[in-house]
Amino acid sequence: MVGPPLQLTALIGLGLLPLASCLDAADDRARRDEQAGQASAGGVTVTVDDGLAAVRALDGAALLLWAQAPELSIALDRAGASAPFDITVENALADAELRLEDGTAVPPRAAEASDPPTSKRWRLDVLTRARLQLRAPDRDSREAFRFAAYADVQEALPRVQDIYRRMATDPRIRFAVMNGDLTDMGSIASLQQFQREMRTLPFPVYATLGNHELGASDVPFHRLFGRGSSSFTFRSARFTRLDSASATLAPAVHGWLDDWLRAGASSFHVVTMHIPPVDPIGTRNGSFASRLEADQLLGRLAAFGVDLTLYGHIHSFYSFANAGIPAYISGGGGAIPERLDGIGRHFLTIDVDPVSQRYQVAIVRVD
Amino acid sequence: MWRRDRAAGYSAAALPSAVILAILLLADAPVTALAPRTSPADADGNADANANAVPDAGSATPPVLRRRPLAVAAALVPGLLLHGSGHFVGGDRRTAGRLLAAEGVGLAAVVAGLGGLAVTGAARRLVTPLVLLTNVGAGLFLSSAAADLYGTLRPPGPPGQPAPLPTVEASAGALFVHNPVLQPRWLASAGADLWLWRWRLSPVVHSAADADTVRAELRAAYRLWGPRPDAPSPRGDFLELGAGVVHHRDSQDITPFDITTGELTLSGRHELQTFAPTLAGAFLDFSAGMAYGTTHFGGRADTFEPTDLLLARFGFGFWLGRGPAPQAEVSLDYDNRHDDFAGGLKLTGLGSGPAGHFGVRARFYPHPRWGVGALAQAGSAHVLGLQLLYRPAEAPR
C-alpha cells in the first residue's frame, strides 16, 4: 500500500499534469489557418490561394470574401452554372481590379451607398470554372509606397476613429497592418465591431490576432478575418504575418515560415506578429515564453535577410534590434498605455523603396 | 461533466489525475485510525486550540491531525480555495487560521502586483518590483495550499530532517527536453557542490552528445547563516548570497546563438515547524535576483544584444527520513527563468508569456554515499532529469 509520503509526492506530481499539457497552445489555430480560404456550398467550390482571404459567405449565386492581402488568386468551380455569379471582396484596395486568368477584366458592379471604399463588387458571367486574379493596378510599379502599422486597440475600440481619422488624412497610405489585440476579449460581436469601424478607412487593414483575441473559448477570429499566419507580396516587397498570440509559434507555422523566408530572401521582407520574440525590457518578459525559441526564430529571420520586424503587445513605442534586424514595437492603438513613457496613442507609417530595399519609419501621434 | 476541448489545447490529463488522486487519498486505512483525545484545558475549561491535533504517545514528535481522510479531502475541497481547510477539519484551527491568513496575504500581493501591472501598462520603470511582488504573492498563495495538504498527509512519527551537508557532492545523469518547436534533446548532465567554510561553489553542465546544445552554469554562494558541512545543524533554515554565470549555446539551427548572463541572488530556506507543529519536516524555499548579459547571434546576424531577466523562485518541500540515509528531499517549485530548457508557461487564453515554469525535484539517498535525483519541469517544454548522486565519506568531526 502507498504510504503518506509517496501519496504526497504523487499528489504533487499529478497536480502538475494539467499544466504540462499546454505545449500545443497554438496548434489548433494553425490547423484553422490551413482551412482558411476554402469553402463549398450551393454547388460552388472556392479556393483562395495561400488562404489569403476568408470566405465569409458562399451560395450558388454569390461569394463574399474578406481579403487579407492586396492581391488574391481565386479558383472558382460552379457545377451546372446557369446564372451570373456575384463576387464581393471586402477589405480590398479601393482601386483593386478583378481579372480572369487570360487577363480579361471582370466588369465591376456599382457600389451600394453604404459600401466603404474597400468593398468591391463584380458580376461574373455564366462560367463553370474560372481562375480569378484580384490585382492592384500599381502592382508593377517600382516606386516607393507607404503602409501603416498599429496594434492593441482592445477596450479603446469605441474611440478608434480618432486614429482612423488621422490615418485617413494621409493619401499615401496604401494599406495598414494591424499587429493583434484588435479587441478586448475576441468575441464575435467585438470583432464585427472592429470590422465596422474599419469602414471609414480608404484603405484595407490586414490583421493578425493577438493574445486578447484568445479571450473567447472558440476564437472566432479566423471565421471573420482568415489566417493568423500568412505571407503576401506587394510591389515585390514581401509581408509575412505570424500568429504569436500564445507567446510561441505553432510547429506548423515554423514549417510555413521556412518557405516564406526563402521566397522573400532576395526582396524587401517585413515580418510582423503580435507578441515579440524578445522584450527589450527583459524583466517584464512581454515576449515569447521561451527565450531559446525566440532566439532560434530571430536567428532564422536574420539568416534569410528579413529587413524589418514589427510587433504589438506592449502598449508603447520601442525601437531596438533583434538578431540585428531593426524592430519596432507599436502598441498605441488605445489600450491601457504604458505609463511614464512619453507617448500615447499613435501609429507608424513605413515608406518602402522595394528597389533599393530601403525604408523609413515615422511615428504619427494621435494624442 | 468534463469535456475535452481541443481548441483550448488541453489534453485529457486532468481527469485521470483527479481519479488517481482520489484513489491515493482513500487507500490509507491503517494510518487514519483516530487516536484518543488528550487535550488539557485552561482555567475556563477551554481546550488548547492546538490540542485537538493529537500528539503521538511516547515521543516528542509533532502532532498528527484527527479525521485524516476527511482532513485530506477538505484540504482539496474546499482547501484549494480556502487554504487551511484540511487543518480545520483535522482539529488544528490555529494553523488553519494562519494558513488562511497566508493565503490572503499571498492573494493580496498577487492582486496588487497584477493590478499594478495593468494600471501602469507594465511600465518599464515600475515593472520589476511589480513582477517580483506578483511572484512572491503567488509563492505564498501556492505554498499555503501545499502546506495544508502536507499537514494532513504527514505520517505519524518523527518528521523528516535535512541530511548533514557533505563537503563535496557530485552528480551525473541525463536530461530529456521535449519542446514541440525545438528539436527534442537528450543531454548528459554533471554537477557538483563544493564547500569551503561558508562558501559553496556549484558548477553544472548539460551537453548534447553532438555538443550542439551546451548549457554551463557556475554559481558561488556565501552562506550568511544556516547549516554548513563544518557547522552541521538539525535545522534546515538558511540564507545565502549568490553570484553566478550561465552560458547557453545552441548551434542546431541555421543561425547559432549563445546567451551569457551574470546573476546575483539572495536565496534561503525556512523550516515550517516554527509556523505550525503539524508542518514539521516541511520547508519553503525562496530566491530572488537579477541576471544581465548578452545574446550573441552568429552567422549572417553576427551581433551581440543585451538581455536581462528577473530571477525569482519559490518552492514548497519536505524531508523524509532522518540522518544521512535513508533520507530524501522533495520539493515543488516555480522558477521565473525563461532562458533555460523549460522556459516559461504557454497558456491558452490571454496570459501566455510572462509566467515561468513549474517543477518537481526529488533527491533520495538510500545509502550514506550514493543517491538518486529526479527532476520534472513543465513550461514551454517538458524537462525530465535523472541523476546519480555521490557524496564521499568524510572524517568525523
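What percentage of the residues in chain B are buried? Of the 397 residues in chain B, 49% are buried. Keep in mind as you look around that this is a predicted model.

Let's stay with chain B for a moment. Its secondary structure comes to five helices and 12 strands. If you look at contacts between residues at least 6 apart in sequence, 55% of them join residues at least 24 apart. As for the outside, chain B exposes about 17,700 Å², and carbon and sulfur atoms supply 69% of that area.

Now pick out two helices of chain B: α2 (residues 68–76) and α5 (residues 127–153). They pack at an angle of about 170°, and their axes are 9 Å apart. Angles over 145 degrees count as roughly antiparallel, so α2(B) is roughly antiparallel to α5(B). Who makes the contact? On the α2(B) side you'll find B:R68, B:A71, B:V72, B:A75 and B:L76, while α5(B) brings in B:D148, B:L149, B:T152 and B:L153. Sorted by character, the residues of this contact are six nonpolar, one polar and two charged.

Over to chain A, where there's a sheet to trace. Strands of a sheet pair through backbone hydrogen bonds, and they can do that either parallel or antiparallel. Here six strands form an open sheet with mixed pairing, in the order β13-β14-β15-β16-β18-β17. At the edges sit β13 (230–234) and β17 (317–322) of chain A, each pairing on one side only. Ignoring direction, neighbouring strands of this sheet are turned by 20° against each other on average.

For a parallel pair, try β16 (residues 308–311) and β18 (residues 325–330) of chain A, which are joined over three bridges. A:Y311, for instance, has A:I329 in β18(A) as its bridge partner. Helices pack on this sheet too. Helix α7 (residues 251–263) of chain A touches β13, β14 and β15, and its direction makes about 170° with that of β14(A). Helix α8 (residues 291–303) of chain A touches β15, β16, β17 and β18, with its direction at about 125° to that of β18(A).

Finally, zoom in on the loop between β13 and β14 of chain A, where A:R235 is found. Is A:R235 buried or exposed? Buried means under 20% relative accessible area, so A:R235, at 10%, counts as buried. Beyond its neighbours within four places in sequence, A:R235 contacts several residues, including A:D138, A:E143, A:F145, A:R174 and A:P354. A:F145 is 90 residues away from A:R235 along the chain, yet their C-alpha atoms are separated by 8.6 Å.

How values were computed. Residues are numbered from 1 along each chain as its sequence is written. Chains are lettered from A and ligands numbered from 1 in the order in which they are written. This is a predicted model: local features need pLDDT of at least 70, side-chain atom pairs count only at pLDDT 80 or more; totals for chains, interfaces and linings use all residues. Side-chain values use heavy atoms; hydrogens and water are left out. Helices (H or I, at least four residues) and strands (E, at least two) are DSSP runs, numbered from the N terminus. Buried means under 20% relative accessible area, exposed over 50%, partly exposed in between (1.4 Å probe, protein chains only). Contact means heavy atoms within 4.5 Å. Accessible areas come from the Shrake-Rupley method with a 1.4 Å probe; for residues, only the protein chains shown count as cover. Two strands pair if DSSP finds at least two bridges between them. Axes are lines fitted to C-alpha atoms, for helices over the stretch in contact, and angles run from 0 to 180 degrees between N-to-C directions. Angles under 35 degrees count as roughly parallel, over 145 as roughly antiparallel, 65 to 115 as roughly perpendicular and the rest as oblique. Ala, Val, Leu, Ile, Met, Phe, Trp, Tyr, Cys and Pro count as nonpolar, Asp, Glu, Lys and Arg as charged, and the others, Gly among them, as polar.
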